[in-house]
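User: Could you take me through this structure in short steps, giving the reasoning before each answer?

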Amino acid sequence: MLVDMKNIVKSFGSNHVLKDVSFTIKGGEICALLGENGAGKSTLMNILGGVFKQDSGSISVDGELVEFNVPADSQKAGIAFIHQELNLINDLPIYENMFLGREKKTKRGSLNLNGMVEETEQMFKRMNVELDPKRMVRELDASYKQIVEICRAMMTNASIIIMDEPTTSLTEQETARVFEMMKKLKDENVGIIFISHKLNEVLEVCDRYVVLRDGSLVAEGNVNVVTTNDLARFMVGYDVRTESLRREKHLGEEIIRVEDLSSNSRFRDISFSIRAGEIVGVTGLLGDGRSELFQAIFGAEPVTSGKIFLNGDQVKIRSTTQAIVEGIAYLPRNRKENGIIKDLNIIENASIVTWSRFSKRGVINSRKHEAVYEEQRKSLRIKMDKHTDRITSLSGGNQQKVVLAKWLAANPKLLILDNPTQGVDVGAKEDIYDIILKLADEDIAIVVLSSEAQEIIRLCDRAIVMYHGVIQGEMAGELMNEHTIMNLATGGVLTKEGREIH
Amino acid sequence: MKFLTWFKTKWKNEPLFSTAIALIIMIILQTFVLGFDYDSFGSWFESWTNNWINILRNNAGIGIIALGMTFVIMTGGIDLAVGSTLVATGAFTMILLDTGTKGILGMLGMTGIPAFILTIIIVLILGYLLGALIGVTITKGNVPPFIVTLGAMLIFRSVTQHFMQGYNPKVPMEFLEIASFRFGNYMIMPIIYWAVIAYILYYVSKRTTFGRQIIAVGSNERAAKLSGVNVNKVKLRVYALMGLLVSIAAIIQVSRVGSMDFSNAGRGMEMDAIAAAVVGGTSMAGGRGFILGTVYGMLIIAVMNNLLNLFGVPPFLREAFKGLIVIGAVLLQRKEKTS
């Protein structure tokens with residue numbers, strides 16, 4: 001099958017999202033669709049998926065012109081769109097999810113459960129998936145959910161599958177599982193459009209790449225002749241740094257020391273200390289407990305035993321409010337669920353932590369906090385129109401900077417950043433790294449939690465790797481490389497000489 | 001043309017614009033239905049004003065409760081117990097003030113203004129505590145607000161009815177001045193209470209940390225908690241405030257008529273309060289709500305009732321119109337949201 005999108009133009013009001021883009025995909029190839037947030041990738045795919053209608057331009061399938069007015073048209077043509085937010089119902093078993101909206105019925109009109117289970121089993125066998133169709137979707141990890149979605153697409157005889165950032169929330173192991181699946185699909189002559197921000201994954205799994213920037217196609221070709229640097233340059237239009245960002249460091253006093261901290265089964269016997277001006281990376285695979293650990297230090301989760309010292313004094317942190325008073329800030333992962341409050345505007349989101357400082361007996365002095373925010377907006381380079389605009393009107397990168405701004409307004413001594421560059425485009429990522437380095441220079445102790453080893457290596461002075469709730473190893477300097485991190489994250493150990501044993 | 005574009009942008013961007021327009025249209029309609037068949041402008045104006053004072057006074061109590069309900073709904077909760085809390089605090093007011101042999105303050109030898117002031121203070125505290133009790137159960141017990149307030153609704157009324165069985169307290173006539181004091185010919189005290197409380201709560205919602213925290217909690221509880229907002233404290237205070245406002249409404253009601261029907265007073269009040277908030281643009285999902293909108297919503301429903309009365313629509317059909325208004329208002333607000 002061959003899908004050919006020609007001269008697609010699409011505008012939303014005065015915003016020209018796609019300016020004359022042509023894109024082809026054929027069966028049996030994996031094509032990466034790259035671009036920064038706002039480059040037009042999603043719009044292009046939504047047109048292909050029948051969600052939006054193009055202003056001009058044509059789509060043809062196997063040489064025949066087609067019109068996609070609603071998603072069902074596109075599905076009928078054999079195109080499946082797997083959205084970033086998966087469309088699975090957690091409280092139904094796998095097999096019912098597989099047949100959602102086109103359930104098999106018996107003659108009497110009730111659900112044909114056995115038939116659905118059988119067909120699901122056959123599909124899993126064909127795709128080499130070892131899953132019990134009767135399990136509830138809630139119990140599956142993110143990669144298997146992705147796989148169930150893919151199998152569902154295959155069940156509808158899809159010949160082209162669009163995957164929108166399928167690996168964003170996956171660990172490296174889970175990613176590998178999804179990639180295996182993608183290769184299998186390729187062998188079955190299915191074409192895949194792979195949207196991702198992770199460039200090394202693109203090189204690993206894709207055949208071809210297409211890069212969009214500001215609504216135009218700026219580069220395309222075969223991946224075997226490019227490097228991640230090239231791709232990043234195509235995306236942002238200038239060279240992107242990949243060198244280590246570690247700098248001359250002037251470490252100050254110890255800010256936090258944690259001794260034998262445990263919380264039921266989530267993490268155990270955690271001990272470490274961090275000094276002023278230090279950037280410490282904490283990484284691991286899914287289930288490593290790093291988020292839970294630092295949320296507990298921030299007072300958002302319970303601790304069962306162990307001690308926390310701040311500036312040498314032992315503290316017991318019972319609530320997030322208290323943590324903030326003690327000088328701890330925590331920028332959460334999953335910005336949409338934990339970071340932003342969509343019913344508050346930009347400046348209110350930026351000042352929620354510090355309201356008490358800008359108010360007298362509960363009455364907010366807005367002039368005072370506008371002044372503080374204006375200063376921050378400049379130093380963080382937040383791109384926005386009016387500070388009373390909705391937070392959701394900003395791009396992902398700018399939203400993240402606003403969330404960062406709210407914490408910086410609190411003047412923290414310890415800043416915990418949980419996946420700070422999640423869902424942020426390459427340009428904004430570098431901005432955020434710059435900000436983090438600057439903050440370290442201002443003698444703030446910084447913890448960066450990340451699932452991207454590359455991020456830890458570039459940014460941090462020291463890395464702690466966690467595995468199933470314990471600290472598996474700690475390293476700095478030369479030892480801090482992707483191989484060692486991966487080894488520790490999967491349960492390997494470091495010997496005294498620094499050699500690892502698996 | 002210029003007006004049209006101005007109107008369109010306002011309609012799209014100002015959440016309360018369509019509600020205000022709806023209210024104005026209803027007021028104009030009502031003015032026409034009342035007619036202009038008078039000797040002079042003066043007598044027309046007096047009749048028009050009297051009609052309005054009646055509308056506002058009759059809705060002051062429920063209007064005050066709807067304001068509190070707005071905050072409750074904005075946190076993502078609901079309070080079904082307002083009607084029962086009204087009866088409980090109303091009954092308590094009457095027991096305290098009873099001029100008969102069982103009157104508590106009377107037994108202690110307190111009468112007149114000091115007794116009134118003490119009664120008001122005690123009843124306000126009681127309302128606040130009943131609300132706080134609901135709030136504690138919701139936050140500490142981690143029980144959904146719908147369940148807790150459903151239970152409280154049954155408990156408060158049943159207990160009140162049991163203890164007030166066969167007991168008919170008499171409220172001193174002077175106490176009735178609280179609601180019935182006249183400025184010239186106008187009995188507007190309840191309206192003043194409503195207006196003052198609406199202004200205070202409007203200010204709270206717009207300019208205080210508490211008001212912003214209510215939105216944060218309702219919009220994204222997890223994010224609010226991770227931003228150091230004491231989510232439980234905010235919720236507790238919202239329910240306690242609700243109880244306090246209900247007790248104010250109870251005092252107004254007792255002082256208007258001097259008695260209360262404990263088995264029927266306040267029944268369905270929670271739904272009227274919710275309806276006013278929803279018509280005023282408050283989202284049942286939490287996070288989005290407007291104090292001013294609730295005042296508009298209350299007035300729209302009140303004016304509509306007045307109109308139905310003037311048109312002579314049969315009483316049993318009136319609730320249907322209320323239902324239509326509620327659904328219609330939300331349909332109108334729908335298209336503002338999606339832009």
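Analyst: A crossing of two helices is called left-handed if the near helix is turned anticlockwise from the far one by less than a right angle, and right-handed if clockwise. The model discussed here is a predicted one.

User: With that in mind, is the crossing of α3(B) and α9(B) left-handed or right-handed?

Analyst: The contact between these helices draws on Leu56(B), Ala60(B) and Ile64(B), among others, from α3(B), and on residues including Tyr193(B), Trp194(B) and Ile197(B) from α9(B). By the convention just given, the crossing of α3(B) and α9(B) is left-handed.

User: Why do α3(B) and α9(B) count as roughly parallel to each other?

Analyst: Two packed helices are described by the angle between their axes and the distance between the axes. Helix α3 (residues 41–74) of chain B and helix α9 (residues 189–207) of chain B have axes 8 Å apart. Angles under 35 degrees count as roughly parallel, and α3(B) and α9(B) therefore fall in that class, packing at an angle of about 25°.

User: What radius of gyration does chain B have, set against a compact globule?

Analyst: Chain B contains 15 helices and zero strands, and its C-alpha atoms fill a box of roughly 70 × 65 × 35 Å along the principal axes. Because a compact globule with 339 residues would have a radius of gyration near 20 Å, the value for chain B agrees with that expectation, at 21 Å.

User: Among contacts in chain B between residues at least 6 apart in sequence, what percentage join residues at least 24 apart?

Analyst: As for burial, 47% of the 339 residues of chain B count as buried. For the contacts between residues at least 6 apart in sequence, the share that joins residues at least 24 apart is 78%.

User: Turning to chain A, which residue of β9(A) is the bridge partner of Leu34(A)?

Analyst: In a regular strand the side chains alternate between the two faces of the sheet. In strand β3 (residues 30–34) of chain A, Ile30(A), Ala32(A) and Leu34(A) point one way and Cys31(A) and Leu33(A) the other, and all are buried. Four bridges join β3(A) in parallel to strand β9 (residues 208–213), where the partner of Leu34(A) is Val211(A).

User: Which residue of β7(A) stands opposite Ile82(A)?

Analyst: Both faces of strand β6 (residues 79–82) of chain A are covered, with Ile79(A) and Phe81(A) buried on one side and Ala80(A) and Ile82(A) buried on the other. This strand runs parallel to β7 (residues 160–164) of chain A, joined to it by four bridges, and the residue opposite Ile82(A) is Met163(A).

Key. Residues numbered from 1 in each chain as written. Chains lettered and ligands numbered in written order. Predicted model: local features only at pLDDT ≥ 70, side-chain atom pairs only at ≥ 80, totals over all residues. Helix = DSSP H or I, 4+ residues; strand = E, 2+ residues; numbered from the N terminus. Rg over C-alpha atoms; globule rule 2.2 N^0.38 Å. Buried ≥ 20, exposed ≤ 12 C-beta atoms within 10 Å, placed from the backbone. Contact = placed C-beta atoms within 7 Å. Pairing = 2+ DSSP bridges. Axes fitted to C-alpha atoms, helices over the stretch in contact; angles between N-to-C directions. Parallel < 35°, antiparallel > 145°, perpendicular 65-115°, else oblique.
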